[in-house]
Amino acid sequence: MGYNELSYLLLFLPAALIVYQVTPARYRKFVLLAFSWLYFFLCSRLLIFYLLGTTVGVYLLAIAMYRVQEAASRKKLLCAAGVAGLFGVLLYVKYTNFFIR
């Protein structure tokens, strides 16, 4: 299901907007996250595991950065490690089949 398909415009998007609007404000971010995961799952079934893994990884990295009370350089190092990790996952998913062939 792409953004330009009728099923997205007539079914998925209105459902997401309605659920978002009826949800209390403090839970709306979880509704958006759930609908993002659902859309990604509908587009590519197996890649959802990469998305879930990177979501958990970024969440844990943010917690680690929040708990660091020392100099800002340590937070920058954690952020750089997170970006490098995400870039590595992207390269793996995108180019694995290219280099295998």
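**Rings, leucines and cysteines**

Trainee: Let's start with Tyr-8 and Tyr-39: buried or exposed?
Mentor: Tyr-8 is buried, and Tyr-39 is buried too. Keep in mind that we're looking at a predicted model.

Trainee: Okay. How many aromatic pairs are there?
Mentor: The count comes to five aromatic pairs. One of them joins Tyr-8 and Tyr-39, with the ring centres 5.6 Å apart and 65° between the planes, which makes the pair edge-to-face.

Trainee: Where do those two sit along the chain?
Mentor: Tyr-8 belongs to helix 1, while Tyr-39 belongs to helix 2, which covers residues 28-43. They are 31 residues apart, so this pair links distant parts of the chain.

Trainee: What about Tyr-50 and Tyr-92, what sort of pair do they form?
Mentor: A tilted one, at 6.2 Å centre to centre and with 55° between the planes. Tyr-50 is in helix 3 (residues 48-67) and Tyr-92 is in helix 4 (residues 72-100), so the pair ties together parts that lie 42 residues apart in sequence.

Trainee: Why do we quote a distance and an angle each time?
Mentor: Because a pair of aromatic rings is described by how far apart the centres are and by the angle of the planes.

Trainee: Fair enough. How accessible are Tyr-50 and Tyr-92?
Mentor: Tyr-50 has a relative accessible area of 36%, so it counts as partly exposed. Tyr-92 has 48%, which also makes it partly exposed.

Trainee: Which residues make up the ring cluster?
Mentor: Tyr-8, Phe-12, Phe-35 and Tyr-39, linked by ring pairs.

Trainee: Switching a bit: which charged residues sit over rings here?
Mentor: Arg-28 lies over the face of Tyr-20, 4.8 Å from the ring centre. Then there's Arg-45, whose charged end sits over the ring of Phe-41 at 5.1 Å from its centre.

Trainee: New topic. Which residues form the nonpolar patch on the surface?
Mentor: Leu-6, Leu-9, Leu-10, Leu-11, Leu-13 and Leu-17. Together they have about 600 Å² of accessible area.

Trainee: Where's Leu-6, and why does it count as exposed?
Mentor: Leu-6 is in helix 1, which covers residues 6-22. Its relative accessibility is 59%, and the bar for exposed is over 50%, so that's the label it gets.

Trainee: And Leu-9, what is its label?
Mentor: Leu-9 is in helix 1, but at 42% relative accessibility it counts as partly exposed. For a sense of scale, Leu-9 and Tyr-27 are 18 residues apart in sequence and 24 Å apart in space, C-alpha to C-alpha.

Trainee: What about Ala-16, buried or exposed?
Mentor: Ala-16 counts as buried, because its relative accessibility is 14%. Ala-16 is in helix 1. Its C-alpha atom is 34 Å from that of Asn-97, which is 81 residues away along the chain.

Trainee: Cysteines next. How many disulfides turn up?
Mentor: Zero, across the whole structure.

Trainee: How accessible are Cys-43 and Cys-79?
Mentor: Cys-43 is at 39% relative accessibility, so it counts as partly exposed. Cys-79 has a relative accessible area of 35%, so it is partly exposed as well.

Trainee: Last one: where is Val-83 found, and how exposed is it?
Mentor: Val-83 is in helix 4, and it counts as exposed because its relative accessible area is 52%. Between the C-alpha atoms of Val-83 and Ser-73 there are 15 Å, and the two residues are 10 apart along the chain.

Conventions:
Residues are numbered from 1 along each chain as its sequence is written. This is a predicted model: local features need pLDDT of at least 70, side-chain atom pairs count only at pLDDT 80 or more; totals for chains, interfaces and linings use all residues. Side-chain values use heavy atoms; hydrogens and water are left out. Patches are made of residues with over 30% relative accessible area and no salt bridge: like charges are joined within 9 Å, nonpolar side chains (Val, Leu, Ile, Met, Phe, Trp, Tyr) within 5 Å. Accessible areas come from the Shrake-Rupley method with a 1.4 Å probe; for residues, only the protein chains shown count as cover. A salt bridge is a side-chain nitrogen of Lys or Arg within 4 Å of a carboxyl oxygen of Asp or Glu. Helices (H or I, at least four residues) and strands (E, at least two) are DSSP runs, numbered from the N terminus. Buried means under 20% relative accessible area, exposed over 50%, partly exposed in between (1.4 Å probe, protein chains only). Rings of Phe, Tyr and Trp (its six-membered ring) pair if their centres lie within 6.5 Å; planes under 30 degrees apart count as stacked, over 60 as edge-to-face and the rest as tilted. A charge sits over a ring if NZ of Lys or CZ of Arg is within 6 Å of the ring centre and within 35 degrees of the ring normal. A disulfide is a pair of cysteine sulfur atoms within 2.5 Å.
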